[in-house]
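Trainee: Please take me closely through one part of this fold. I would like to follow the strand pairing and then see what packs around it.

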Amino acid sequence: MMIRRILDTSFQAALNEELRRRDMTVRELAEATGIPAATLYKITAGERDPRLSTVTRIINILEPRGRDFIAVIAAKFVLEEVEGEEIACGARTCTIKGYSANSLEECIIAAVRAEKEGASGIVCAPVLASIIERVVDIPVAIMKPQPQTIIEAIETIGKRIS
């Protein structure tokens, strides 16, 4: 999250880091914000401190409001069913963003990445929730398997062992 990085480092460092992360050029940012490229080059080089209005325009492009998302950590086939869907989150709308993971280590890494990318909350399997809650500072909820899903899995095992 760029705003957190600004507070931890400096605007210049956070901006350069965000541009690298997005593989975005200063010229592309200039086109998106309407700020002259020369001004942005001076800011990224540390030759000029930006005005508050300039910072606001940059942040509104790089971290627009209304793009809240809820992270779902699960196997890829589960994510294919829900990723990109939108749900009501109180008065706002949240998008579901999937984080594929197939091991405990990958789940923890996905949770940290989701929080770093600005997730409003995380949904994960019950076995992971207690661990993830200790790692992140955002709400965590569990996915409860449906009885039919469990029965289908048991039937699959039954076919394999017969």
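Mentor: Start at V123. In this predicted model, V123 has A141 of strand 5 as its bridge partner. That pair belongs to a parallel match: strand 4 and strand 5, residues 140–142, are joined by 3 bridges. To get from strand 4 to strand 5, the chain passes through helix 8, residues 126–135. This β-α-β crossover is right-handed.

Now look at the partner of V123 in strand 1. V72 stands opposite V123. Strand 1 covers residues 69–74 and strand 4 covers residues 121–124. They too run parallel, with 3 bridges between them. Strand 4 therefore pairs with strand 1 and with strand 5, given that two strands pair when at least two bridges are found between them.

Next, the packing. The largest nonpolar core has 18 residues. I73, I122 and I132 have the most contacts inside it. Strand 1, helix 7, strand 4 and helix 8 each give two or more residues to this core. Helix 7, residues 104–116, gives the most, with 4 residues.

Take I132 as a way in. Setting aside neighbours within four places in sequence, I132 is in contact with C107, I108, A111, I122, C124 and V140. Two of those contacts are cysteines, C107 and C124. Are they bonded or apart? The sulfur of C107 has its closest cysteine sulfur in C124, 7.6 Å away, so the gap is too far for a bond. Seen from C124, the closest cysteine sulfur is that of C107, again at 7.6 Å. Both side chains are shielded. C107 counts as buried because its relative accessibility is 7%, and the cut-off for buried is under 20%. C124 is buried as well, with a relative accessible area of 0%.

Compare the bonded cysteines. The structure holds 1 disulfide. The disulfide joins C89 to C94, with 2.3 Å from S to S. A disulfide is a covalent bond between the sulfur atoms of two cysteines. C89 counts as buried at 17% relative accessibility, and C94 counts as buried at 0%.

The strands around that disulfide are worth a look. Strand 2 covers residues 86–89 and strand 3 covers residues 92–100. These two pair in the antiparallel sense over 4 bridges. One of the pairings puts E86 opposite T95, its bridge partner in strand 3. Strand 2 and strand 3 form a hairpin with 2 residues between them. In the turn, G90 has a positive phi of about 70°.

Finally, step away to the other core. A second, separate core has 16 residues, including V26, L29, A30 and I43. Helix 3, residues 26–33, has V26, L29, A30 and T33 as its buried residues. Seen down the axis of helix 3, these buried residues fall within an arc of 105°, so they line one face of the helix. An α-helix has 3.6 residues a turn, so residues three or four places apart point the same way. What covers the buried residues of helix 3 includes helix 2 (11–22), helix 4 (37–44) and helix 5 (52–62). After helix 3 comes G34, with a positive phi near 80°.

To recap: V123 is matched with A141 and stands opposite V72. I132 contacts both C107 and C124, while the disulfide links C89 to C94.

Key: Residues numbered from 1 in each chain as written. Heavy atoms only, no water. Right-handed = clockwise from strand over helix to strand, strands pointing away. Buried < 20%, exposed > 50% of the residue type's maximum accessible area, 1.4 Å probe, protein only. Arc of directions from axis to C-beta. Contact = heavy atoms within 4.5 Å. Core = buried A, V, L, I, M, F, W, Y, C linked by side-chain atoms within 4.5 Å. Disulfide = S-S within 2.5 Å.
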